Number of protein chains: 2
Amino acid sequence: MCEQHKGQAPAAGNLGAQAAVTAWLDEVRWDADGLVPAIAQEAATGDILMVAWMNRESLQETAATGRAVYWSRSRKRLWRKGEESGHVQQLRELRLDCDGDVVLLKVEQLGGIACHTGRHSCFFRRLENGAWAVVDPVLKDPEAIYR
Amino acid sequence: MCEQHKGQAPAAGNLGAQAAVTAWLDEVRWDADGLVPAIAQEAATGDILMVAWMNRESLQETAATGRAVYWSRSRKRLWRKGEESGHVQQLRELRLDCDGDVVLLKVEQLGGIACHTGRHSCFFRRLENGAWAVVDPVLKDPEAIYR
């Protein structure tokens, strides 16, 4: 996450072919739990859909398969987005921020629903007159999504 | 951050006028360090500019003044974005995600530069053929920004 005046990440240096395969994963600054926050942004609209966590395995699988895979902290396992809901996120682009501790996925959101509440985006509450107002509609009843 | 099947946030209930002033801040799920990640998105373009941290004080000041204020973990103090660079972020909209642990700021980025590297966005690296490629230009030399 962006803060001024922080140290530079070390340069990759000379790497063998094998190491180079996963060198890009080493450039991510995993936190103490081995996780990094990942933002999913809809490629076509620019809408921010959700933020979740990734570990090394989930990021590697996301890049390899072209499908967003997160790490569920509550379930303590890989979470292949859409595995229950069908609301798969197809990866269009993967970006890393300046100090390497946030990844950005530009995705195509199948079904147009990213949030477990049945809304397009998880960011459906807006501050209005000192209170969070729900400003985006439920597109599909969660009961019908998670059967 | 979005994960399925997590508990609902408690409803606000009846609040006195004084409590209501900051009730919206209580709905944010601050982490163990009292922080929450904040995404700054350019309102006009949808570009994700940066991710930083906020504590309660910085979020309250952001909402009150209409200018993005973060918490610098490295400096351990409030970071009024643009205080050195002039690259102030003017708040257009403030959103909260489904489980209340990420905030989204839609902003106007003065100077068109959010990143301390002198680039428009901190997300200037894109994964290409198994390596992070720098794909966005430096718009202004950081030496000229932070004098």
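Trainee: Why are strand 7 and strand 8 of chain A said to pair, and in which sense, parallel or antiparallel?

Mentor: Two strands count as paired if there are at least two bridges between them. Strand 7 (residues 125–128) and strand 8 of chain A share four bridges, so the pairing rule is met. Their sense is antiparallel. One bridge you can look up in this predicted model joins Arg125(A) to Val134(A) in strand 8 of chain A.

Trainee: Which sheet holds these strands, and what makes two of its strands edge strands?

Mentor: The sheet is open, has six strands and runs in the order 8(A)-7(A)-5(B)-6(B)-1(B)-2(B), with mixed pairing. Strand 8 (131–134) of chain A and strand 2 (48–55) of chain B each pair on one side only, and that makes them the edges. From one strand to the next, the twist averages 35°.

Trainee: What packs on that sheet?

Mentor: Helix 2 (residues 56–65) of chain B does. Helix 2 of chain B touches strand 7 of chain A as well as strand 2, strand 5 (89–96) and strand 6 (103–109) of chain B. The direction of this helix makes about 120° with that of strand 2 of chain B.

Trainee: What makes Arg125(A) and Glu27(B) a salt bridge?

Mentor: The closest N and O atoms of the pair are 3.7 Å apart. The cut-off is 4 Å, so the pair qualifies. Across the interface of chain A and chain B, the rule finds six salt bridges. There are also 18 residue pairs in polar contact across this interface.

Trainee: Which strand of chain A gives the most to the side that touches chain B?

Mentor: Strand 2 of chain A does, with five residues. The whole contact takes 55 residues from chain A and 54 residues from chain B. Between them the chains bury about 5,000 Å², and 58% of that is on carbon and sulfur atoms.

Trainee: How do you know that the two copies are related as by a two-fold rotation axis?

Mentor: Start from the general picture: two copies of a chain are related by a rotation about an axis and a shift along it. Here a rotation of 180° with 0.0 Å of shift superposes chain A on chain B, with an RMSD of 0.0 Å. The copies are therefore related as by a two-fold axis. In chain A, the C-alpha nearest this axis belongs to Gly46(A), 2.5 Å away from it.

Trainee: And how do you know that the same surface serves both copies?

Mentor: Compare the contact residues: 98% of those of chain A recur in chain B.

Terms used: Residues numbered from 1 in each chain as written. Chains lettered and ligands numbered in written order. Predicted model: local features only at pLDDT ≥ 70, side-chain atom pairs only at ≥ 80, totals over all residues. Heavy atoms only, no water. Least-squares fit on C-alpha atoms with pLDDT ≥ 70 in both. Contact = heavy atoms within 4.5 Å. Axes fitted to C-alpha atoms, helices over the stretch in contact; angles between N-to-C directions. Buried area = accessible area lost by both parts, 1.4 Å probe. Salt bridge = Lys/Arg side-chain N within 4 Å of Asp/Glu carboxyl O. Polar contact = N/O pair within 3.5 Å; in protein donor to acceptor, adjacent residues only side chain to side chain.
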